[in-house]
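Good morning, colleagues. Please take a moment to look at the sequence and the model, and then I shall go through the ligand, the salt bridges and the strands in turn.

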Amino acid sequence: DLADIGVTGLATMGRNLARNLARHGYSVAVHNRTAARTHQLVKEFGGEGTFVPSEELAGFVASLKRPRRAIIMVKAGAGTDAVIDQLAELMEPGDMIVDGGNAHYQDTRRREAALREKGIHFVGTGISGGEEGALNGPSIMPGGSRESWEALGPILQDISAKVDGVPCAVHVGPDGAGHFVKMVHNGIEYSDMQLIAESYDLLRQALGVSPAELAGVFREWNEGDLGSYLIEITAEVLDQVDAATGKPFVDVVVDQAEQKGTGRWTVQSALDLGVPVTGIAEAVFARALSGHPEQRAAAAALEGPALSGVEGRELVEDVRRALYASKIVAYAQGFDQMAAASKEYGWDLDLGAMATIWRGGCIIRAKLLDRIRAAYDADPALPTLLADPDFAAELNAAQEAWRRVVTTAVRIGVPTPGFSSALAYYDGLRRDRLPAALVQGLRDFFGAHTYRRVDREGSFHTDWSGDRAEHPA
Ligand code: NDP
């Protein structure tokens with residue numbers, strides 16, 4: 001019998017995705033470059049459902065029902081191109097190739113255009129949730145054509161996470177839209193983690209409390225507005241004690257954060273689109289700073305303030321509020337970036353739907369996403385999430401605490417780039433007049449770049465080197 005769907009690339013993610021499909025009653029063609037992995041899967045998990053193994057890609061394609069549906073879960077990059085090319089050779093018009101790896105959305109746009117020429121649907125799909133999600137229900141963000149969604153959507157919704165019965169999988173939009181949205185998801189994930197790390201660091205330094213005590217604080221926060229997977233696992237990690245030394249686990253881990261690149265991609269794209277994603281950018285840069293031990297060692301003699309701590313536990317509640325407010329800012333910026341890309345590439349993204357599919361399965365799943373969904377339901381054309389009346393009220397209520405947190409961090413010399421830049425963004429956005437007016441004046445002075453006036457239409461230039469009279473430009 002022919003298989004309903006296939007998975008090629010059976011490392012951690014592919015294997016678990018194939019098992020998830022099989023457990024939902026689909027017969028799954030399975031293939032891996034190194035055949036041993038394919039046999040291993042069937043041997044270990046064959047009892048979970050129907051697997052149709054193939055050692056060769058041709059056999060894999062031949063084992064699929066028409067129109068064929070094949071998911072690629074191989075290492076992102078050149079390997080993906082190689083596998084796509086081989087598959088495309090073996091496939092026919094109307095067939096579907098799904099790339100579930102973390103591809104760059106521009107690669108996905110290029111691949112989709114090339115395969116469209118051959119009549120093959122290429123579906124660049126973001127999949128989030130790691131190993132566990134792939135098996136038990138990830139958040140799935142497919143791009144590609146409407147027709148491919150009609151053929152794939154029911155299966156993807158079936159195997160995705162569900163929240164209140166709603167699947168965490170929707171058709172995101174054409175060509176690279178799915179991988180773009182997955183990229184921004186990861187960027188927001190960077191920012192969430194940075195803000196959590198700053199909260200931990202500031203409270204530990206300022207109050208002199210132990211990681212285990214802070215685990216309790218995060219556990220409590222997880223019950224409220226901050227409720228989320230990342231806050232939940234922060235408590236787990238802070239509670240962990242190293243078996244070898246008896247020290248807190250966080251104290252034996254080398255303090256250099258690594259990255260695979262999706263955060264960097266998010267910021268690079270944001271620069272091109274002209275969207276200030278300061279929360280994500282600060283998170284990427286904070287990882288980069290941590291990764292330069294030679295500079296950090298060389299700078300160790302630089303002095304900090306005399307004050308190293310503060311009295312009283314009020315800071316705990318202030319940090320909770322600052323974390324929530326900064327998180328709202330980071331999400332607002334990420335959603336702005338998706339809106340800008342939607343316009344640039346004609347994707348017609350439904351931002352509320354993105355909040356919906358991130359409520360379960362993925363790494364940034366959080367209570368906040370229900371609120372974001374509600375904000376876009378109330379006003380699909382919301383210019384910024386910060387303007388949503390409910391979020392605005394919360395930010396207004398948090399802003400004094402947020403300022404105290406940043407002030408305390410500065411006074412005791414604890415770096416909080418996430419909190420500080422989010423607050424600066426908040427203050428920038430709410431100002432009626434910005435010093436950008438002076439920047440425009442300077443640009444006109446040295447480069448005759450012209451400026452607009454507050455009181456008249458048109459562009460103007462002042463003759464700075466002559467009589468300083470103003471002329472229409
Ligand atoms: P890896 O990224 O470690 O990739 C290993 C798999 O890719 C193996 O099956 C390997 O085959 C195959 N492969 C590599 N190069 C080639 C090639 N040139 N031709 C054919 N096959 C090749 O696997 P993961 O399961 O961790 O991730 C798969 C994809 O999912 C990646 O794109 C990753 O970015 C993405 N992803 C991963 C997540 C995670 O939590 N790990 C979360 C979300 C997405 P072989 O066995 O023969 O070496």
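Sorted by class, the shell around the ligand consists of 8 nonpolar, 8 polar and 4 charged residues. Please bear in mind that this is a predicted model. In total, 20 residues surround the ligand, and the closest are M13, N32, R33, T34 and R37.

Let me turn to the backbone atoms that approach the ligand. For K75, a backbone N or O atom lies 3.1 Å from an oxygen atom of the ligand. For T12, the corresponding distance from a backbone N or O atom to a ligand oxygen is 3.4 Å, and for L10 it is 3.5 Å. How much of the ligand's area does the protein bury? The ligand taken alone exposes 900 Å², and the protein buries 76% of that. Two elements, helix 1 (12-23) and helix 4, give two or more residues to the shell around the ligand.

I now come to the salt bridges. The count for this model is 28. I shall begin with R68, which appears in two of the pairs I have selected. With E92, the side chain of R68 meets in a salt bridge at 3.2 Å, N to O. This pair links distant parts of the chain, 24 residues apart: R68 sits in the loop between helix 3 (57-62) and strand 4 (69-72), while E92 sits in the loop between helix 4 (78-90) and strand 5 (96-99).

The other partner is D95, where the closest N and O atoms of the salt bridge with R68 are 2.6 Å apart. Here too the pair links distant parts of the chain, since D95 belongs to the loop between helix 4 and strand 5, R68 to the loop between helix 3 and strand 4, and the two are 27 residues apart.

Which of these residues are buried, and which are partly exposed? R68 has a relative accessible area of 6%, so it counts as buried. D95 is likewise buried, at 2%. E92, by contrast, has a relative accessible area of 34% and is therefore partly exposed.

A further salt bridge joins R296 and D255, with the closest N and O atoms 2.5 Å apart. Because R296 lies in helix 13 (residues 293-298) and D255 in the loop between helix 10 (229-239) and helix 11 (262-273), the pair ties together parts that are 41 residues apart in sequence. R296 is partly exposed, its relative accessible area being 32%. There is also a network: D81, D99, D107, R110 and R111 are joined into one by salt bridges that share partners.

Finally, the strands. Strand 6 (residues 121-128) pairs with strand 7 in the antiparallel sense, over 4 bridges. Within this pairing, G126 stands opposite M141 of strand 7. Which way do the residues of strand 7 (residues 139-142) point? S139 and M141 point one way, I140 and P142 point the other way, and all are buried.

Elsewhere, 3 strands form an open sheet with antiparallel pairing, in the order 10-11-12. Its edge strands are strand 10 (451-452) and strand 12 (470-472), each of which pairs on one side only. Strand 11 (residues 459-462) pairs with strand 12 over 3 bridges, again in the antiparallel sense. One of the residues involved is T462, whose bridge partner in strand 12 is E470.

Thank you for your attention.

Technical notes:
Residues are numbered from 1 along each chain as its sequence is written. This is a predicted model: local features need pLDDT of at least 70, side-chain atom pairs count only at pLDDT 80 or more; totals for chains, interfaces and linings use all residues. Side-chain values use heavy atoms; hydrogens and water are left out. A salt bridge is a side-chain nitrogen of Lys or Arg within 4 Å of a carboxyl oxygen of Asp or Glu. Buried means under 20% relative accessible area, exposed over 50%, partly exposed in between (1.4 Å probe, protein chains only). Two strands pair if DSSP finds at least two bridges between them. A residue is near a molecule or strand if one of its heavy atoms lies within 4 Å of it. A polar contact is a pair of N or O atoms within 3.5 Å; within protein, one must be able to donate a hydrogen and the other to accept it, and residues adjacent in sequence count only if both atoms are side-chain atoms. Accessible areas come from the Shrake-Rupley method with a 1.4 Å probe; for residues, only the protein chains shown count as cover. Ala, Val, Leu, Ile, Met, Phe, Trp, Tyr, Cys and Pro count as nonpolar, Asp, Glu, Lys and Arg as charged, and the others, Gly among them, as polar.
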